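These are my notebook entries on what I looked up in the structure shown below.

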Amino acid sequence: MNPEKLKQWFALTQQFQQDQFWNQVLDLDTLAKEGKMNFEKNFIKNNDTFPPCDLYQKDHLLILELELPGLTTDDIQVSLSQGNVVIQGSYYTLKTGSNYFIKERVSKAFKKEIALPFPVIKPSIRHTFQNGLFTLILPIQIDDAKEIPIKINKETEN
């Protein structure tokens, strides 16, 4: 490879590693103002991908599955607030007194907020936690009211 081309390529990669470059390319405020991105309707309201999750509907249930390997129910808190499921907790991977040769798993706190597409029946919410898979079962609130005709009386003239 030509050394001059290699230098140009290296200089270009340095530019991509700077936050200023990405802030100019991804001007999120401008995109939001132009209506190209609507942050209010995001289903996941944070940038963290942990814990990975799936949200799907099966019959009259919303099922939320979260991968939480190595955690227990004591390590997490789950709440429902204004139509959002909030999952938060922390995981620690550092073993004190150990001499690490490789340390790729980080220890950190997490919080994930997921907007639900339907209202749910709060007293009927249940969960399971098996083999690192936390499953939240949320019954969808079905409006059983059918179309009800309303009799309109004719106006009387005075």
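I count Ala, Val, Leu, Ile, Met, Phe, Trp, Tyr, Cys and Pro as nonpolar, Asp, Glu, Lys and Arg as charged, and the others, Gly among them, as polar. The model is predicted, with local features needing pLDDT of at least 70 and side-chain atom pairs pLDDT 80 or more, while totals for chains, interfaces and linings use all residues. Residues are numbered from 1 along each chain as its sequence is written, and side-chain values use heavy atoms, without hydrogens and water.

**Entry: pocket.** I looked up the largest pocket (an open set of 1 Å grid points where a 1.4 Å probe fits, with protein on both sides within 12 Å along at least five of seven lines). Its volume, the space filled by probe spheres set on the points, is about 220 Å³. The lining (residues with an atom within 4 Å of a point) has 6 nonpolar, 2 polar and 4 charged residues. Among them I noted Phe-50, Asp-75, Thr-93 and Arg-105.

**Entry: sheet.** I found an open sheet of 3 strands in the order S3-S4-S5, with antiparallel pairing. Strands are DSSP runs of E, at least two residues long, numbered from the N terminus, and two of them pair if DSSP finds at least two bridges between them. S3 (76-81) and S5 (108-115) are the edge strands. I noted 8 bridges between S4 (residues 84-91) and S5; Val-86 stands opposite Glu-113 in S5.

**Entry: Thr-135.** Is Thr-135 buried or exposed? Thr-135, in strand S7 (residues 133-139), has a relative accessible area of 10% and is therefore buried (under 20%, with a 1.4 Å probe and protein chains only). Leaving out residues up to four places away in sequence, I listed its contacts, including Ile-63, Leu-64 and His-127 (heavy atoms within 4.5 Å).

Conventions
Helices (H or I, at least four residues) and strands (E, at least two) are DSSP runs, numbered from the N terminus. Buried means under 20% relative accessible area, exposed over 50%, partly exposed in between (1.4 Å probe, protein chains only).
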